[in-house]
Amino acid sequence: MTQHTEQPSSAARPVRRVDRPGLSRQVCLPGGQAVTLRPIRPDDEEAELDFVHRLSPDSRYLRFMAPIKDVTPAMLERLTHIDLDKEMALVAVASTAEGERQVGVARYSILEDARSCEFAIVVDDLWRGTGLARELMTSLMDIARHYHGLEAMEGVAFADNQRMLGLAHSMGFRNMPDPEDRSLVRMRRRLRSPAESSAPSTLPG
Ligand SMILES: CC(C)(COP(=O)(O)OP(=O)(O)OC[C@H]1O[C@@H](n2cnc3c(N)ncnc32)[C@H](O)[C@@H]1OP(=O)(O)O)[C@@H](O)C(=O)NCCC(=O)NCCS
């Protein structure tokens, strides 16, 4: 499950360049805010820390699914030094009155079956209801589909997390109670039709 159990990274973890063309996108939200969506980079550590610090305790709890007080250096490295063979993390960056800020992040890790991934998302409390979460999820699904060639995306949220479950439902996810833990709901959707899944992959490098 992509949540609070961020493991400390090993020193020699391979990290591929993430500033690849095609993975970044400029969006204009319905309210007119311009936002850049791009893969997170190692030099985003400070911005990511600032972002997590600005989240309300409630948002932090819903995202990490645990009462996280602060981000340890190991966790911060794990969140910002992504291995493109196994995962993706898209940050949303916007110009605000306080300067350029990270205002959201959506990520996934590829699961053991190598065909599906598990996502997590969190948006700055001040940017709720702006359509940013939908843009982040749309880009994340596109990258999972076209860059990693994945067939399905899933996630887990608390059963009372109506904002997440509503967003997922409106984006085509099937929300099912977790049979082993009724406080959780599993969200899952296919990224391709069954016919596309059996076709040979034509992934970009
Ligand atoms: C989950 C999260 C990213 C959603 O972003 P958001 O900005 O709150 O979502 P929005 O308000 O834009 O809502 C998006 C959609 O969700 C649905 N939705 C929102 N609030 C809802 C509610 N209370 N009940 C049902 N559906 C709801 C609607 O379909 C809405 O679409 P619309 O804007 O076209 O009406 C955000 O709430 C967040 O960061 N939460 C904390 C972290 C978290 O819970 N992460 C999930 C676990 S990984």
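The following exercises, each with a worked solution, introduce a predicted model of one chain and its ligand.

Residues are numbered from 1 along each chain as its sequence is written. Because the model is predicted, local features need pLDDT of at least 70 and side-chain atom pairs count only at pLDDT 80 or more, while totals for chains, interfaces and linings use all residues.

**Exercise 1. Confidence**

State how confident the predictor is in the chain, and where the pLDDT is below 50.

Solution.
1. The pLDDT (the predictor's confidence in each residue, from 0 to 100) averages 88 over the chain, and 85% of the residues score at least 70.
2. Residues 1-15 have a pLDDT below 50; beyond near neighbours in sequence, this stretch has 30 contacts in the model. Two residues are in contact if their C-beta atoms, placed from the backbone, lie within 7 Å.
3. Residues 201-205 also have a pLDDT below 50, with six contacts beyond near neighbours in sequence.

**Exercise 2. Elements of the chain**

Determine how many helices and strands the chain has, and in what order they run.

Solution.
1. Helices (H or I, at least four residues) and strands (E, at least two) are DSSP runs, numbered from the N terminus.
2. On this basis the chain has six helices and eight strands.
3. Read from the N terminus, the order is β-β-α-α-α-β-β-β-α-β-α-β-β-α.
4. Among contacts with a separation of 6 or more, 64% join residues 24 or more positions apart.

**Exercise 3. The sheet**

Describe the order of the strands in the sheet and identify the edge strands.

Solution.
1. Two strands pair if DSSP finds at least two bridges between them. Eight strands form an open sheet with mixed pairing, in the order E1-E2-E3-E4-E5-E6-E8-E7.
2. Strand E1 (25-28) and strand E7 (174-178) are the edge strands, each pairing on one side only.
3. From one strand to the next, the twist averages 25°. The axes are lines fitted to C-alpha atoms, for helices over the stretch in contact, and angles run from 0 to 180 degrees between N-to-C directions.

**Exercise 4. Strand pairs**

Give the sense of pairing and a pair of facing residues for E1 with E2, E2 with E3, and E5 with E6.

Solution.
1. E1 and strand E2 (residues 34-39) run antiparallel and are joined by four bridges. Gln26 stands opposite Thr36 in E2. The hairpin of E1 and E2 has five residues between the strands, and Gly32 in this hairpin takes a positive phi near 100°.
2. E2 and strand E3 (residues 87-96) are antiparallel as well, over four bridges. Here Arg38 has Val91 in E3 as its bridge partner.
3. E5 and E6 pair in the parallel sense over three bridges. Ser116 stands opposite Ala152 in E6, and Cys117 has Met153 in E6 as its bridge partner.

**Exercise 5. Burial and positive phi**

Decide whether Met65, Ala114 and Asp70 are buried or exposed, and locate each residue.

Solution.
1. A residue is buried if 20 or more other C-beta atoms lie within 10 Å of its own, exposed if 12 or fewer, and partly exposed in between, with C-beta atoms placed from the backbone.
2. Met65 lies in the loop between H2 and helix H3 (73-80). Met65 counts as buried because it has 20 C-beta neighbours inside 10 Å. Its phi is near 60°, a positive value in a residue other than glycine.
3. Ala114 is in the loop between strand E4 (99-110) and E5. Ala114 counts as exposed, since 12 C-beta neighbours lie inside 10 Å. Although not a glycine, Ala114 has a positive phi of about 65°.
4. Asp70 belongs to the loop between H2 and H3. Asp70 is exposed because 10 other C-beta atoms lie within 10 Å. Its C-alpha atom is separated by 8.1 Å from that of Val52, 18 residues apart along the chain.
5. For the chain as a whole, 32% of the 205 residues count as buried. E6 is mostly covered, with five of its seven residues buried.

**Exercise 6. The ligand**

Identify the residues that come nearest to the ligand and the elements that surround it.

Solution.
1. A residue is near a molecule or strand if its C-beta atom, placed from the backbone, lies within 6 Å of it. Of the 21 residues around the ligand, Leu62, Ala133, Gly166, Leu167 and Ser170 come nearest.
2. Two or more residues of this shell come from each of helix H2 (57-64), strand E5 (116-123), helix H4 (132-146), strand E6 (152-158) and helix H5 (162-170).
3. H5 gives the largest share, six residues.
4. By class, the shell has nine nonpolar, eight polar and four charged residues. Ala, Val, Leu, Ile, Met, Phe, Trp, Tyr, Cys and Pro count as nonpolar, Asp, Glu, Lys and Arg as charged, and the others, Gly among them, as polar.
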